[in-house]
Amino acid sequence: MDIKKIYMNADALLKGHFKLSSGNHSEYYLQSAKVLENPKTAKMLAEELAKQIRSYGLEIDTVCSPAIGGLIAGFALADALGCRYIFTERVEGRMTLRRGFEVQKGERIIICEDIITTGGSAMEAAFEVERLGAEVVAFAALANRGFCRREGSSLDRKPNCKLPNNKPLFALADFDFPMYSPQECPMCKSGSEAVKPGSRGN
Ligand code: ZN
């Protein structure tokens with residue numbers, strides 16, 4: 001499965017000259033919601049992810065996603081794994097389990113995002129369900145931005161990855177694009193101007 005091609009075809013992987021929220025420049029920008037606007041694609045990607053998780057031998061009771069980014073990917077993954085699905089959401093800045101969702105003591109949970117960047121939101125969701133007694137056994141995402149190490153990848157973990165070392169991360173691909181400071185950006189040097197994703201309706 002060529003994930004990059006699937007993202008490209010869905011206009012979820014934009015090529016250009018982008019100014020990221022960190023201030024760095026990149027030739028690529030991921031608009032991961034776009035790849036999930038087709039439910040059949042979402043389902044197909046989730047099936048592939050579920051296959052990885054099953055062959056690893058993990059028992060999962062529940063998929064939990066941090067809203068909003070992880071909602072669709074997590075729902076599709078829960079469907080593929082045949083398990084329960086819940087989500088956490090931010091209330092006054094704190095990731096919280098609401099809407100009557102409950103977890104049991106020892107319930108085995110996988111946290112699912114669309115894209116794992118440094119894993120910050122995923123960790124907040126993990127802390128919340130563990131605070132309530134569940135056990136987070138793994139993390140999952142459709143794609144890994146290249147800061148954390150996913151199972152089966154030769155890419156090393158970077159110092160800014162927030163996910164724990166001792167729990168597996170499952171993802172379908174690494175989107176490890178180079179980022180440049182504006183001073184070092186080769187696209188700036190060649191005279192092009194960086195645009196903020198969103199400034200053209202992205
Ligand atoms: Zn630039």
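**View 1. Aromatic pair of F87 and F101 in the predicted model.** In this predicted model, F87 counts as buried because its relative accessibility is 17%, under the 20% limit. F101 has a relative accessible area of 24% and is therefore partly exposed. The count of aromatic pairs comes to 8. A pair of aromatic rings is described by the distance of the centres and the angle of the planes. F87 and F101 form one such pair, with an edge-to-face arrangement, 5.2 Å centre to centre and 80 degrees between the planes. Since F87 belongs to strand β4 and F101 to the loop between β5 and β6, the pair ties together parts that are 14 residues apart in sequence.

**View 2. Stacked rings of F175 and F177 and the cluster around them.** F175 and F177 form a stacked aromatic pair, with 5.7 Å centre to centre and 25 degrees between the planes. Both F175 and F177 are buried. Ring pairs link these two residues with Y7 and Y28 into a cluster.

**View 3. The open sheet of 6 strands.** The strand order is β5-β4-β3-β6-β7-β8, and the pairing is mixed. β5 (94-97) and β8 (169-174) are the edge strands, each of which pairs on one side only. On average, neighbouring strands of this sheet are turned by 25 degrees against each other, direction ignored. Within the sheet, β6 (residues 108-116) and β7 (residues 135-144) pair in the parallel sense over 8 bridges. I115 has A143, in β7, as its bridge partner.

**View 4. Helices α3 and α4 against the strands.** Helix α3 (residues 39-56) lies across β6, β7 and β8, and runs at about 135 degrees to β8. Helix α4 (residues 71-81) lies across β3 (62-66), β4 (84-91), β6 and β7. The direction of α4 is at about 175 degrees to that of β3.

**View 5. Nonpolar cores, with I53 and its contacts.** The largest nonpolar core has 39 residues, and those with the most contacts inside it are Y7, I53, V63 and L77. Two or more residues of this core come from each of α1 (3-9), α3, α4, β4, β6, β7 and β8. Which residues does I53 contact, leaving aside its neighbours within four places in sequence? I53 is in contact with L58, I60, L77, L81, I110, A140 and F170. A second, separate core has 21 residues, among them C64, V129, V136 and L163.

How values were computed:
Residues are numbered from 1 along each chain as its sequence is written. This is a predicted model: local features need pLDDT of at least 70, side-chain atom pairs count only at pLDDT 80 or more; totals for chains, interfaces and linings use all residues. Side-chain values use heavy atoms; hydrogens and water are left out. Two strands pair if DSSP finds at least two bridges between them. Helices (H or I, at least four residues) and strands (E, at least two) are DSSP runs, numbered from the N terminus. Axes are lines fitted to C-alpha atoms, for helices over the stretch in contact, and angles run from 0 to 180 degrees between N-to-C directions. Contact means heavy atoms within 4.5 Å. A nonpolar core is a set of buried Ala, Val, Leu, Ile, Met, Phe, Trp, Tyr and Cys residues joined through side-chain atoms within 4.5 Å. Buried means under 20% relative accessible area, exposed over 50%, partly exposed in between (1.4 Å probe, protein chains only). Rings of Phe, Tyr and Trp (its six-membered ring) pair if their centres lie within 6.5 Å; planes under 30 degrees apart count as stacked, over 60 as edge-to-face and the rest as tilted.
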